[in-house]
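Here are my notes on this one, in the order I'd go through them with the model open. Shout if any point is unclear.

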Amino acid sequence: MIIGLCFISNLAGMGLKMGKHIYGCAINELEEYFLGINEKKYRAIQTYEWLYQKKVFSFDEMTNIKHDLREALKKDFKIKTINLIRVQKGSDVAKYLYELKDKNTIEAVLMKHSYGNSLCISTQVGCNIGCLFCESGRLKKVRNLLPGEMVEQIIMAEEEVHEKISHVVLMGIGEPFDNYENVVKFLKIINHHKSLNIGTRHITLSTAGVVPRINDFANEEGQVNLAISLHAPNNEIRNKIMPINKSYNIEKLLEACKNYIKRTNRRITFEYILLDGINDSDDCAVELSKRLKGINCYVNLIPYNEASNTVFKKSGKAVILRFYDILKKNKINVTIRKEFGGQIDAACGQLRADNR
Ligand code: SAH
């Protein structure tokens, strides 16, 4: 009983007087809940199966759970908290606009690859990182998304597309490492074999480089792919386009990355947007190669998606290829990111939380 009471008081602490968001519950929390109301632990797995495999949106449909218990669940939990209010479709891409309970809006993008469906989700309403080239940061952070609100972006997308989402990337609106606890919990929930069962190797988290959180993340269980928004070979350029570099400069960032690789034995991806005349010269490519020499990583070169409010321009195709060649020649693993979603403003850095 005591466990149950703690649980309920936690709910109140989270400001969810109307019941806790069930998609935000890790399996152990649901087990504690059931034990707390003198029920068997296995009810948690049953509930997960209804939510994630049979995909029901009401407790009444959970027919192998007895009536009294369904009533208790109805009282203590809510299932759906976000609404899909707009879908825009391109050939291999769809952009979803979701409205949250408090009427804030966020976006997610579905990309159809040969290997499966990948969903790019948002982690915050707005963003405080302030990268000069990025549209998503125009609205300052309003609040962090809760774990269940991140899970629900996937659930709603699966419902809309009638297919499984096999891969998740945390590259939508927000800085995942500015919402660390909620993001880590979200990853644990979607990775559970009775929930969405999305393998850690199918999940990529991208950070602008919040060094202390990279260090924390190295100590978490179940490593997902880590991508770092580097975008410059030196502090001079990075300071100009990413204000976060003034808090955590390239030396500190790469040190944290090396520690991360050492600790986890995982390779890191460095994202590098090519911006015309800013960071795309041959010298930049050589300098970047030197910086990354000996680090177990690969570089993902990103053709810039031009945003309406920035002065930045995309590098030409030939420049991108030359940059790529220089990295290759210097034995850096490098790929050029496939461009997705430009025609519906669904590409990286084009997502907005302010629902024009
Ligand atoms: N805050 C995190 C995740 C969100 S951005 C981060 O900074 O990594 C996801 C990726 O898209 C980042 O690498 C970001 O720098 C990149 N991006 C932002 N604006 C872009 C644009 N207009 N074109 C291409 N990539 C962009």
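1. Start with His231, which sits in the loop between S11 and helix H8 (235-241). This is a predicted model, and here it gives His231 a positive phi, near 65°, in a residue other than glycine. For background, most residues other than glycine have a negative phi. Is His231 buried or exposed? His231 has a relative accessible area of 4%, and the cut-off for buried is under 20%, so His231 counts as buried.

2. Two other spots have a positive phi. Lys55 is not a glycine either, and its phi is about 55°. Lys55 belongs to the loop between helix H3 (42-53) and helix H4 (67-76). With a relative accessible area of 32%, Lys55 is partly exposed. Then there's Asn38, just after H2, where phi is positive at about 60°.

3. While you're at H2, have a look at the helix itself. Helix H2 covers residues 27-36, and 7 of its 10 residues are buried, so call it mostly covered. Among the buried ones are Ile27, Leu30, Tyr33 and Phe34; Glu29 and Glu31 are also buried, as is Gly36.

4. Back to S11, the strand of residues 225-229, where Ser229 lies. Which residues does Ser229 touch, not counting those up to four places away in sequence? The list is Ser206, Thr207, Ala208, Arg238, Met242 and Glu271. Ser229 comes out at 12% relative accessibility and therefore counts as buried. Its C-alpha atom is 8.4 Å from that of Ile273, a residue 44 positions away along the chain.

5. Thr207 is one of those partners of Ser229, and Thr207 is part of strand S10 (residues 203-207). At 1% relative accessibility, Thr207 is buried too. Apart from neighbours within four places in sequence, Thr207 contacts Glu175, Phe177, Ile214, Leu226, Ala227, Ile228 and Ser229. The C-alpha atoms of Thr207 and Glu271 are 9.7 Å apart, with the two positions 64 residues apart along the chain.

6. If you're after cavities and grooves, try the second largest pocket, which holds about 240 Å³ of space. Which element supplies the largest share of its lining? That's helix H6 (residues 180-191), with 4 residues. By class, the lining has 5 nonpolar, 4 polar and 3 charged residues. Lining residues include Val184, Leu187, Lys188 and Asn191, along with Ile203, Phe217, Glu220 and Glu221.

7. Now the chain as a whole. The model has 11 helices and 14 strands. Of the 356 residues, 56% are buried. For contacts with a separation of 6 or more, 65% are between residues 24 or more positions apart. The exposed surface is about 15,800 Å², and carbon and sulfur atoms supply 51% of it.

8. Last, confidence. The average pLDDT is 91, and 90% of the residues score at least 70. Where does pLDDT stay under 50? Over residues 1-17, for which the model has 14 contacts beyond four places in sequence. Where pLDDT is low, the predicted coordinates should not be read in detail.

Note on methods. Residues are numbered from 1 along each chain as its sequence is written. This is a predicted model: local features need pLDDT of at least 70, side-chain atom pairs count only at pLDDT 80 or more; totals for chains, interfaces and linings use all residues. Side-chain values use heavy atoms; hydrogens and water are left out. Buried means under 20% relative accessible area, exposed over 50%, partly exposed in between (1.4 Å probe, protein chains only). Contact means heavy atoms within 4.5 Å. Accessible areas come from the Shrake-Rupley method with a 1.4 Å probe; for residues, only the protein chains shown count as cover. On a 1 Å grid over the protein atoms alone, a cavity is a set of points where a 1.4 Å probe fits but cannot get out, and a pocket is an open set with protein on both sides within 12 Å along at least five of seven lines; lining residues have an atom within 4 Å of a point. Grid points are joined across faces, edges and corners, and a volume is the space filled by probe spheres set on the points. Ala, Val, Leu, Ile, Met, Phe, Trp, Tyr, Cys and Pro count as nonpolar, Asp, Glu, Lys and Arg as charged, and the others, Gly among them, as polar. pLDDT is the predictor's confidence in each residue, from 0 to 100.
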